[in-house]
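Visitor: Please take a close look at one strand of this model, at its place in the sheet and at how its side chains are set.

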Amino acid sequence: MKKKLWKSALSAALITTLLAGCGSNSGTATNNGTETGEGGAKTVKLKMFIAQPRLKESYDKYIAQFVAKEKAEKNIDVQVQLEMPTADTAPQILKTRLASNDAPDVFAVHAINEIPSFYKAGYLEDLSGQPFVDKLLDSVKPSVTTTDGKIVAVPMETLSWGYVYNKKIFKDLGLTPPTTLTEMKAVIAKLKENKITPFLLSYKESWIPQLFLPLAVGAISNTTDKDFVERMNKDEGSFNEMKAMFEVIDLVNQNGTDKAMEVGGDDGSAAFATGKAAMWIQGPWFAESILKANADMDFGVAPLPINDDPNATMINLSTSTSLVVSKNSANKEVALDFVNYVLDDKDSNAFYEELKFNPVAQNHSFTTYPWVEDAMTYVKEGKSYLDPSIPQAVKDESGKALQSYYAGQLSQDGVIAALDKAWKSFNKVNK
């Protein structure tokens with residue numbers, strides 16, 4: 001695999017403006033924020049909001065291609081302002097923008113967790129009639145489709161995940177991914193016997209410890225507690241039913257690297273890539289960061305055992321980052337052009353491959369990555385579930401609560417109470 005060069009994304013919000021063409025200073029401004037220059041060229045200022053700063057260089061390049069295409073085909077000079085906050089800060093920033101009628105023209109949302117509430121609030125443009133829709137794989141369409149049948153987003157990341165593991169370490173010690181919690185304990189013992197830290201801990205960013213939540217809820221609600229999410233949506237359930245999740249959380253925390261609260265996703269990627277630990281509760285969305293630190297890194301993806309029922313050890317299938325168009329965008333024509341360009345027949349194949357995302361459309365022909373094939377072996381065996389529909393507010397609360405739990409500031413009952421309260425608050429607002 002060729003090594004790629006990436007620029008570090010260190011600031012909380014990275015903003016870049018790409019200018020194509022030089023609009024005349026004598027251009028005439030219109031009431032929708034565009035200008036008409038000499039020769040009839042129109043200048044449009046397009047705001048984008050995508051919380052993936054580690055991928056900034058790739059987005060910059062693709063947006064520059066789009067700008068050139070708009071100029072060549074429509075004589076539109078597009079000025080793109082791309083804002084790329086971190087995953088921890090993005091939700092609140094976006095909510096503030098939407099509440100103050102300052103919505104970006106194009107912005108990223110989590111398909112499963114955020115599309116339902118954002119669509120209900122009237123923020124999302126109906127994209128059902130756009131050209132990209134017919135290109136989407138049938139397996140992907142449902143995740144960006146509303147309950148009333150409208151497609152409202154173009155998916156970027158489709159994921160099959162549980163935890164990542166160092167294949168070389170596992171192979172050298174004759175280990176295979178465990179299928180039960182008891183087997184996981186045996187793997188941990190073997191690793192420790194050989195002076196290898198079992199788990200990498202990186203809890204500086206709260207979205208990382210919250211990963212335990214969909215893994216636990218997904219496994220348990222697909223085996224023994226199948227109506228959990230439905231009852232929680234009716235204020236009829238409690239996370240007491242999920243208390244078993246603390247066994248695996250405790251096991252990971254007790255057998256992990258030090259200073260977890262000082263390590264974020266990028267630092268964790270570098271540490272994992274250099275063999276600081278054998279496993280990381282994380283998804284392959286950090287593949288490019290891992291390979292940036294070690295181009296020869298051989299890692300796999302496996303499902304996390306939650307208990308001693310092997311039927312509950314399943315891969316999480318989800319669509320996360322997806323791009324939507326603001327219903328109130330003053331530059332809707334160009335915004336729609338961009339979301340269609342995301343799945344452009346000529347250029348999107350290379351874009352998705354460079355981002356190390358999975359194929360999402362029929363015109364994607366690039367070869368999937370080894371870690372995708374690892375996960376798909378479980379999927380083909382029926383050992384997978386769709387990412388549970390947990391409200392984003394509950395996930396956000398779980399991240400903070402599990403940080404506090406790791407630090408010894410919150411008990412198991414305290415975490416449960418916080419999650420129950422967050423879900424009830426969500427229900428009250430979204431009735």
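Guide: Over residues 1–31 the pLDDT (the predictor's confidence in each residue, from 0 to 100) stays under 50, and the model has 71 contacts for them beyond four places in sequence, a contact meaning heavy atoms within 4.5 Å. For the chain, the mean pLDDT is 89, and 91% of the residues reach 70 or more. This is a predicted model, in which local features need pLDDT of at least 70 and side-chain atom pairs count only at pLDDT 80 or more, while totals for chains, interfaces and linings use all residues. Residues are numbered from 1 along each chain as its sequence is written, and side-chain values use heavy atoms, with hydrogens and water left out.

The strand in question is β12, residues 299–302, where strands (E, at least two residues) are DSSP runs numbered from the N terminus. β12 belongs to an open sheet of four strands in the order β10-β11-β9-β12, with mixed pairing. Because β10 (199–200) and β12 stand at the edges with a single partner strand each, one side of each is left without a neighbour in the sheet. The partner of β12 is strand β9 (residues 163–166), and the two pair in the antiparallel sense over four bridges; pairing requires that DSSP finds at least two bridges between two strands. Within this ladder, F299 in β12 is the bridge partner of N166, while A302 in β12 stands opposite Y163.

In a regular strand the side chains alternate between the two faces of the sheet. In β12, F299 and V301 point one way, G300 and A302 point the other way, and all are buried, that is, under 20% relative accessible area (1.4 Å probe, protein chains only).

Methods
Buried means under 20% relative accessible area, exposed over 50%, partly exposed in between (1.4 Å probe, protein chains only).
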